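Here is a protein chain with a ligand to get to know. Take a moment to turn the model around before reading on.

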Amino acid sequence: MKKIWLIGLSLLIMLGLLGCGSDSGKAEQKASAPAPQKAAETASVPAGKGKILVAYFSVTGNTKELAENTARALGADLYEIRPAKPYTSEDLNYNDESTRATVEQKDDEARPELADQNAPVAEYGTIVLAYPIWWSQAPRIMDTFVESYDFTGKNMTAVCTSGGSDIGSSADYLQNLAKGKAHWKPGKLFSPRTDAQEIKSWFDGLGF
Ligand SMILES: Cc1cc2nc3c(=O)[nH]c(=O)nc-3n(C[C@H](O)[C@H](O)[C@H](O)COP(=O)(O)O)c2cc1C
């Protein structure tokens, strides 16, 4: 009788040990499971503004001046968006409907090629796009630019110059084309020589 009880006890201990073994297997499985998707998404969202990049396109210099003032006001870096084929003054003649800039603006599928795709977007938490208004919108090369990078998790806004028109729907149009889920705030039209304090107040008011 004592022998049977001892065999029973040994069986129980073995089963117990086996049970422990499978639990620790589960623990190992849990430890090596991939991190939840949500944590990864949160990690790509910048805490606060991060470093700021002003990415600008300018042909006759007005937007370049505004971009430089904006970078000074915000302590930002500058990146120039350059076309592979530079625009001549003839290309910009909006009194002639057959000239390059006007033909491109009338074609919402036109995507002028970029001279490079080296904008250091990944290093920055906030991107300020700067462009002139062409036929009430951003130049098509801005469409090419926003479709060429992934802006997931970035803070995004825009500044622009014009001959009198307001920013209109130009920044919203770029937002709709931009790749990746970013945090967009409304852009603003400025004169090229706007002083730093005015630009800074506007930017701080966006609440990034
Ligand atoms: C093809 C073309 C179209 C333009 N369309 C407009 C327009 O619709 N409204 C406006 O106010 N200015 C318009 N402008 C004027 C520019 O927005 C303005 O001169 C701008 O400051 C130029 O910027 P940039 O010197 O950086 O190239 C146009 C200019 C060009 C070349």
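What follows is a walk through the chain, its core, its ligand shell and a few of its loops.

Keep in mind as you look that this is a predicted model. The protein chain has 208 residues, and 26% of them count as buried. Its secondary structure adds up to seven helices and six strands. If you trace the chain along its sequence, you meet these in the pattern α-α-β-α-β-α-β-α-β-α-β-β-α. Now think about who touches whom. Among contacts in the protein chain with a separation of 6 or more, 78% are between residues 24 or more positions apart.

Let's go inside. The largest nonpolar core has 36 residues, and the ones touching the most other members are Val54, Ala55, Leu129, Ala130 and Met142. Which elements give two or more residues to this core? They are strand 1 (52-56), helix 3, strand 3 (126-132), helix 5 (140-148), strand 4 (155-161), helix 6 (170-177) and helix 7 (196-206). Strand 3 provides the largest share, five residues. Leu129 is a good residue to click on here: leaving out residues up to four places away in sequence, Leu129 touches Ala55, Met142, Ala158 and Leu174.

Ala55 also leads us to strand 2. That strand covers residues 77-80, and Glu80 is found in it. Glu80 and Ala55 are 25 residues apart in sequence, yet their C-alpha atoms are 5.8 Å apart in space. Is Glu80 buried, partly exposed or exposed? It has 15 other C-beta atoms within 10 Å, so Glu80 is partly exposed.

Helix 3 deserves a stop of its own. It is 13 residues long and reaches 18 Å from its first C-alpha to its last, close to the 18 Å expected at 1.5 Å a residue. The buried residues in helix 3 are Thr63, Leu66, Ala67, Asn69, Thr70 and Ala71. Those buried residues pack against strand 1, strand 2, strand 3, strand 4 and helix 7. Just after helix 3 comes Gly75, with a positive phi near 65°.

Helix 3 is also a way to the ligand. There are 21 residues around the ligand, and the ones that come nearest are Ser58, Thr60, Asn62, Thr63 and Pro132. Thr63 has turned up already, as one of the buried residues of helix 3. Helix 3 (62-74) and helix 4 (100-106) each put at least two residues into the shell around the ligand. Which helix gives the most to that shell? Helix 3 does, with three residues. Sorted by class, the shell has eight nonpolar, twelve polar and one charged residues.

Next, look at helix 6. Its buried residues are Ser170, Ala171, Leu174 and Gln175. Looking down the axis of helix 6, you would see these buried residues fall within an arc of 140°, so they line one face of the helix. They pack against strand 3, helix 5, strand 4 and strand 5 (183-184). Leu174 is one you met before, as a residue touched by Leu129.

Now for a couple of loops. The one between strand 3 and helix 5 holds Trp135, and Ser136 is found there too. A bit of background helps: most residues other than glycine have a negative phi. Trp135, though, has a positive phi near 50°, and Ser136 has a positive phi near 70°. How about their surroundings? Trp135 has 15 C-beta neighbours inside 10 Å, so it counts as partly exposed. Ser136 has 14 such neighbours inside 10 Å, so Ser136 counts as partly exposed as well.

Our last stop is the loop between helix 6 and strand 5, where you'll find Lys179. Is Lys179 buried or exposed? With 12 C-beta neighbours inside 10 Å, Lys179 counts as exposed. It still has contacts from elsewhere in the sequence: setting aside neighbours within four places, Lys179 is in contact with Glu147, Tyr149, Asp150 and Phe151. Lys179 and Phe145 are 34 residues apart in sequence, with their C-alpha atoms 9.8 Å apart in space.

Note on methods: Residues numbered from 1 in each chain as written. Predicted model: local features only at pLDDT ≥ 70, side-chain atom pairs only at ≥ 80, totals over all residues. Near = placed C-beta within 6 Å. Helix = DSSP H or I, 4+ residues; strand = E, 2+ residues; numbered from the N terminus. Nonpolar A, V, L, I, M, F, W, Y, C, P; charged D, E, K, R; others polar. Core = buried A, V, L, I, M, F, W, Y, C linked by C-beta atoms within 7 Å. Buried ≥ 20, exposed ≤ 12 C-beta atoms within 10 Å, placed from the backbone. Contact = placed C-beta atoms within 7 Å. Expected span 1.5 Å × (residues − 1). Arc of directions from axis to C-beta.
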